[in-house]
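Here are a few exercises to work through with the model open beside you. Take them in order, and try each one before reading its solution.

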Amino acid sequence: MRAAAVLLASLWVAPAFAGWEPTKPVEIVVAAGAGGASDQMARMMQAAIQKNNLMKQPMVVSLKGGASGAEALMYMKSSEGDPNKVLIAYSLIYMLPLSAKIPFNWRELTPVSVIALDQFVLWDNSAGPKTVKEFVAAAKAASSPFKMGGTGSKREDHVLTVFLEQKTGAKFSYLPYKSGGEAATQLVGNHTESNVNNPSENLEVWRAGQVRPLCVFDKERISYAAKVTDTQSWADIPTCKEEGIDVQYLMLRAMFLPGKVTPEQQAFYVELFHKVTQTAEYKDYMEKQALKPIFLTGKDMVQFLEEDDAQNKALMTEAGFVAK
Amino acid sequence: MEALGLLLHGFAVLLTWKILVLMMAGLVLGIFVGVLPGLGGPNGVAILLPLTFTMDPTSAIVMLSCIYWGALFGGAITSILFNIPGEAWSVATTFDGYPMAQQGRAAEALTAAFTSSFIGSLVAVLLITFLAPMISSFALKFGPPEFFAVYLLTFCSFVGLGRESRHKIVISMSLGLLLAGVGMDTVSGQLRMTFGSAELLRGINFLVAVIGLFGISEILLTMEERLALRGHAASISLRVVLGVWKDLPKYWVTLLRSSFIGCWLGITPGGAIAASFMGYNLAKRFAKDPETFGKGRIEGVFAPETAAHASGTSALLPMLALGIPGSGTAAILLGGLMVWGLNPGPLLFVEHKDFVWGLIASMYLGNVVGLVLVLTTVPIFASILRVPFAAVAPMIVVSCAIGAYAIQNAMFDIWLMLGFGVVGYVFKKVGIPLAPFTLALVLGNRAEDAFRLSMIGSGGDLKVFWSNGLVGSITTLAVLLLFWPAIDGLLARIVWTRRASR
């Protein structure tokens, strides 16, 4: 398998490397803390590139999770023209400028490729209600509002909570934690009643039987049918729409270079990350963490980003999270 | 005993030449990064992580955790010799360690630091070995109110048990809390006190502050006073080492108390920093002659070092068992585990026995080898003191600057470090203690978040801090400690009047 990947890689190499290639170590900038979903993904790519010799220069992971990820955005913005830095971005590129008025616009960066889409799942403690309907009924009947844990304030998790309230009529108190991992353990310890973590953030506590997935916020079920726990696979989780809550949200995972890099430099990274998506490491990671594989670049990517931006903006406005 | 069998199995996994060589290499690298101020454990492990991608998980974790142990040992060296904490948790070690070096007892202080590090780690490893399943369920009991109560306890113990006058401690702590507020506020998602500057978005990193406050200010003071490093190089000999060891049993209460505090705070991510301060303050509190602390008392080295290392080691337990890192280095190791295809969590102990018990066995072995290694190299480190100040000072400043820069790769942090150097100088001149400032900078954010999350959860009701036995007893203890001097005085008076009436 690995030999095949290397062979495949070497076939790709010839035309691309005729142009530009990095002359010093490439920094992969993570807009989140250590151990979070972005960090895990960056380390997977670092390992995939190093093990399959996809690049001559080494790749280093640089954690810039300060200020809820704004640190990474400002860092990329100020690195204009530097082709040795690549950002692994998610929906914060739309949301942070709106909620905290960070002077940043993703259009100032150079888009490379969208490499995955991340799901959101509604989880509760395994001692809690067993279905979405029971969960909503319990939340409505509760004397004090159900506590919903999530990552950060006025971000994906918070937006989803607001829409969950709108569609079900139940009230939640939203508790913003510093990371998805923290939200997961707080749910296990019964300090919150639910969370809307990404699959990767709750995977291990689900396998240990400590939390229960209620529904996934997507149009269709997750495709991976291999058993994750003794009885369930990702594909066994119903969509929230099936369960009567029509809320959908997918989060992009995309690579960006700083602004004002040359087309040759951009092309090198498009090739590089395309090769990464062909590796066994990438495929394995996608399935394990229940990510949706996707590869968009060039015009397709820009069109996707524009649509995604508009949708996020509409959600943020409706939730009342846009700073005045 | 199932645990014992598994542990023996772990040793069997370890005892190969390849792993032993990696272990030594890791320890030496670790001591090196521990000695450089600011580089420290987390950065050292982060820089060396990619080296291990091609290794098998067990070799990789052994090497990385040995870097971690090495950094834990190394952090004490600069605290004692130069009054510059290599790591934030070594700050408390400087209180008595540096005066000892000034009195020409550097070797004794270093031996004490290393030995107590070893004891602290050992206690924590024993705990991990035998109590792993129970402890992970204990950590799950911690929600926002419990976390806040622990932070409150740390702050209160400072005010109540501190050796400086209370108002100065409170001033120092408040300034620290104020600076901790700079940057993004997690709970509201808004920026605070950044004044439109992109550099201030990150907030103020406490390591940058620590390097400036302690390191740079010390250089400034020395320059003003006499242009020579205080303290004398001591020749470490087997006799000094044995002498310190012979006295060890006398301090068993301190060692035990600090180990306990360390383990407790390591498991409930209070962290090694809080642990080292608490260990020190409590040792002083319970001493018969507290006024001798801060003037070069060996117990003042034992207490914080034991606590810091017990905490640093036990911080790995919640990382393995729950996937919550108890310290910065544990967080990087967590990233490593994922690269090697291991997901930390309750099932790790079931599904990857080789790995987990190999790691635990490496904690025993790594600590023994580490202790021998640092003790034999003490003469090398102690001889730094013989180098003239004019040659050493620039090297220290450069090393501080590199350390400050490396934390976030930001030039701004070097200016910040210099700024804090001046602040530290002024504080020392007017007699405001630096430790409460640092503590507030480290824990301020977390304490604030925990408090506000508790308030959101309870609908603004302060009774949540007495809502169950665990949180209630910690909060009550915190309040008692805050008013300890008054309570102590009252108790003394009662005893006195009783005696008088008899």
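A residue counts as buried if 20 or more other C-beta atoms lie within 10 Å of its own, as exposed if there are 12 or fewer, and as partly exposed in between. Keep in mind that this is a predicted model.

**Exercise 1.** Find out how many of the nine residues of α3(A) are buried, and what covers them.

*Solution.* Start with the count: seven of the nine residues of α3(A) are buried, so this helix is largely enclosed by the rest of the structure. Next, pick them out: they are A:A70, A:E71, A:A72, A:L73, A:M74, A:Y75 and A:M76. Now look at what lies over them. From chain A, the cover includes β1 (26–30), β3 (85–89), α4 and β10 (251–257). Chain B joins in too, with its β1 (183–185).

**Exercise 2.** Compare the surroundings of A:S68 and A:N190: is each one buried or partly exposed?

*Solution.* First, place them. A:S68 sits in the loop between β2 (59–63) and α3 (70–78) of chain A, while A:N190 is in the loop between α7 (180–188) and β8 (194–195) of that chain. Then check the backbone. Most residues other than glycine have a negative phi. A:S68, though not a glycine, has a positive phi of about 55°, and A:N190, also not a glycine, has a positive phi near 65°. Finally, count neighbours. A:S68 has 31 other C-beta atoms within 10 Å, so it is buried. A:N190 has 15 within 10 Å, so it is partly exposed.

**Exercise 3.** Work out how α4(A) lies against α11(A), and which residues make the contact.

*Solution.* Take the geometry first: helix α4 (residues 92–99) and helix α11 (residues 298–319) of chain A pack at an angle of about 40°, with their axes 9 Å apart. That angle makes α4(A) oblique to α11(A). The contact itself uses A:Y94, A:M95, A:L98 and A:S99 from α4(A), and A:D309, A:N312, A:K313 and A:M316 from α11(A). Sort these by class and you get four nonpolar, two polar and two charged residues. As for handedness, the crossing of α4(A) and α11(A) is right-handed.

**Exercise 4.** Now do the same for α9(B) and α19(B): at what angle do they cross?

*Solution.* The axes of helix α9 (residues 206–225) and helix α19 (residues 411–430) of chain B come within 6 Å and cross at roughly 55°. That makes α9(B) oblique to α19(B). This crossing is right-handed. Among the residues that meet are B:L213, B:F214 and B:S217 in α9(B), and B:F420, B:G421 and B:K428 in α19(B). By class, the residues of the contact of α9(B) with α19(B) divide into 14 nonpolar, five polar and two charged.

**Exercise 5.** Which residues have the most contacts inside the largest nonpolar core?

*Solution.* The core has 254 residues, and the ones with the most contacts inside it are A:L87 and B:I80. Its largest share, 17 residues, comes from helix α4 (residues 57–82) of chain B. Zoom in on B:I80: leaving out residues up to four places away in sequence, its contacts include B:T93, B:Y98, B:M100 and B:L110. To finish, step back to chain B, which has 22 helices and two strands. Of its 502 residues, 59% count as buried.

Note on methods. Residues numbered from 1 in each chain as written. Chains lettered and ligands numbered in written order. Predicted model: local features only at pLDDT ≥ 70, side-chain atom pairs only at ≥ 80, totals over all residues. Core = buried A, V, L, I, M, F, W, Y, C linked by C-beta atoms within 7 Å. Helix = DSSP H or I, 4+ residues; strand = E, 2+ residues; numbered from the N terminus. Contact = placed C-beta atoms within 7 Å. Axes fitted to C-alpha atoms, helices over the stretch in contact; angles between N-to-C directions. Parallel < 35°, antiparallel > 145°, perpendicular 65-115°, else oblique. Left-handed = near helix turned anticlockwise from the far one by under 90°. Nonpolar A, V, L, I, M, F, W, Y, C, P; charged D, E, K, R; others polar.
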